[in-house]
Amino acid sequence: MKRYCITDSLDVAARAVHDGVEMIQIRAKQLSARALMDLARGAVALKGAQVLVNTRTDVSLACGAHGVHLPAGSIAPSTIRRIVPRGFLIGVSCHSIEELRAAENEGADFAVFGPVFASITKSVVPIGLDALRVATESVRLPVYALGGVTAENAPLCIQAGAAGIAGISLFTLKN
C-alpha cells in the first residue's frame with residue numbers, strides 16, 4: 001500500500017522515511033518562503049521518499065524536491081509542466097469526480113481525494129467508501145484516499161480502488 005504523508009514537521013518527515021513512506025508533502029502555509037525552503041531541503045536530504053512542496057513550485061524547484069502538490073482549482077498541471085524538468089511530480093487535491101477528471105486531463109501524476117472518513121484535523125462531511133470507489137473507477141489517474149484514514153480502515157480504501165492512502169494525523173499519531 002502506497003503512503004503519502006502530509007506534514008509541516010521535519011521530525012514527522014524523518015519518521016515517515018524511516019517507516020518506508022513513499023511520498024511526503026511539505027505543507028506549511030504559515031512559513032515564510034525562506035523557512036519553507038529550509039524545511040523542504042531538510043526533507044529532501046532525508047533520502048528515501050519523494051518530497052513534494054504544497055503549492056510552491058518555485059520552492060520545490062529551488063530545493064531539489066521531486067514535485068509540487070496543488071490545491072483544487074489552482075493552476076493547471078499542464079502549465080507547470082512547461083517549466084519543470086522531466087519526471088517532476090504534480091499531485092492535485094480533488095473533492096469531486098469533475099475535479100479528478102480535470103486533474104487527469106491537465107496532466108497531473110496523481111490525485112488526493114476525500115475526505116473519505118470523518119477527519120480529526122478538519123470539520124468536513126465524509127464522502128464514504130462508495131464515493132471513493134466511484135471516483136477511482138472514473139479516472140485512470142492514481143487516486144490516494146484522504147480524510148480520517150487510519151491503519152485500521154486503510155485496507156478498505158485500497159479495496160475501494162485507491163492507489164494509496166494520504167494523511168496528516170495518520171503519520172503524526174503513533175499507532
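These exercises walk through a predicted model, each with a worked solution.

Residues are numbered from 1 along each chain as its sequence is written, and side-chain values use heavy atoms, with hydrogens and water left out. Because the model is predicted, local features need pLDDT of at least 70 and side-chain atom pairs count only at pLDDT 80 or more, while totals for chains, interfaces and linings use all residues.

**Exercise 1. The barrel**

Find the order in which the eight strands close into a barrel, and the sense of their pairing.

Solution.
- Start with the names. Helices (H or I, at least four residues) and strands (E, at least two) are DSSP runs, numbered from the N terminus.
- Next, the pairing rule. Two strands pair if DSSP finds at least two bridges between them.
- Follow the pairs. The order is S1-S2-S3-S4-S5-S6-S7-S8, and the pairing is parallel.
- Add the twist. It averages 25° from one strand to the next. Angles run from 0 to 180 degrees between N-to-C directions, and axes are lines fitted to C-alpha atoms, for helices over the stretch in contact.

**Exercise 2. Around strand S1**

Which strands pair with S1, and over how many bridges?

Solution.
- Take S8 (residues 164-167). S1 pairs with S8 over four bridges, in the parallel sense. Arg3 has Ile165 in S8 as its bridge partner.
- Take S2. Four bridges join S1 to S2, again running parallel. Here Tyr4 stands opposite Met23.
- Look at the connection. S1, H1 and S2 make a right-handed β-α-β unit. Right-handed means that, with the strands pointing away from the viewer, the path from the first strand over the helix to the second runs clockwise.
- Place the helix. H1 lies across S1 and S2, at about 170° to S1.

**Exercise 3. Strand S6 and its neighbours**

Work out which residues of S6 (residues 110-113) lie on each side, and which are buried or exposed.

Solution.
- Recall the pattern. In a regular strand the side chains alternate between the two faces of the sheet.
- Fix the cut-offs. Buried means under 20% relative accessible area, exposed over 50%, partly exposed in between (1.4 Å probe, protein chains only).
- Sort the residues. Phe110 and Val112 lie on one side, Ala111 and Phe113 on the other, and all are buried.
- Check the S5 side. Four bridges join S5 (residues 89-94) to S6 in parallel. Cys94 has Phe113 as its bridge partner. S5, helix H5 (residues 97-105) and S6 make a right-handed β-α-β unit.
- Check the S7 side. S6 and S7 (residues 143-145) pair in the parallel sense over three bridges. Ala111 has Val143 as its partner in S7.

**Exercise 4. The aromatic pairs**

How many aromatic pairs does the structure hold? Trace those that involve Tyr144.

Solution.
- Set the rule. Rings of Phe, Tyr and Trp (its six-membered ring) pair if their centres lie within 6.5 Å; planes under 30 degrees apart count as stacked, over 60 as edge-to-face and the rest as tilted.
- Count. The structure holds three aromatic pairs.
- One is Tyr4 with Tyr144: tilted, 5.9 Å centre to centre, 50° between the planes. Tyr4 lies in S1 (residues 2-7) and Tyr144 in S7, so this pair ties together parts 140 residues apart in sequence.
- Another is Phe110 with Tyr144: edge-to-face, 5.5 Å centre to centre, 65° between the planes. Phe110 in S6 and Tyr144 in S7 are 34 residues apart.
- Join them. Ring pairs link Tyr4, Phe110 and Tyr144 into a cluster.
- Check burial. Tyr4 counts as buried because its relative accessibility is 0%. Tyr144, at 5%, counts as buried too.

**Exercise 5. Helix H2**

Why does the length of helix H2 (residues 33-45) agree with its residue count?

Solution.
- Use the rule. The expected span is 1.5 Å times one less than the number of residues.
- Apply it. The 13 residues of H2 should span 18 Å, and the end C-alpha atoms are 18 Å apart, so the two agree.
- List the buried residues: Leu36, Met37, Leu39, Ala40, Gly42, Ala43 and Val44.
- Find the cover. It includes H1 (10-18), S2 (23-26), S3 (50-54) and H3 (57-63), with contact meaning heavy atoms within 4.5 Å.
- Look just past the end. Lys47 takes a positive phi of about 60°.

**Exercise 6. Two residues of helix H3**

Are Ser60 and Ala62 buried or partly exposed?

Solution.
- Ser60 is in H3. Its relative accessibility is 0%, so Ser60 counts as buried. Not counting residues up to four places away in sequence, Ser60 touches Val53, Ala65, Gly67, Val68 and Phe88.
- Ala62 is also in H3. At 44% relative accessibility, Ala62 counts as partly exposed. With the same exclusion of residues up to four places away in sequence, Ala62 touches Met37 and Arg41.
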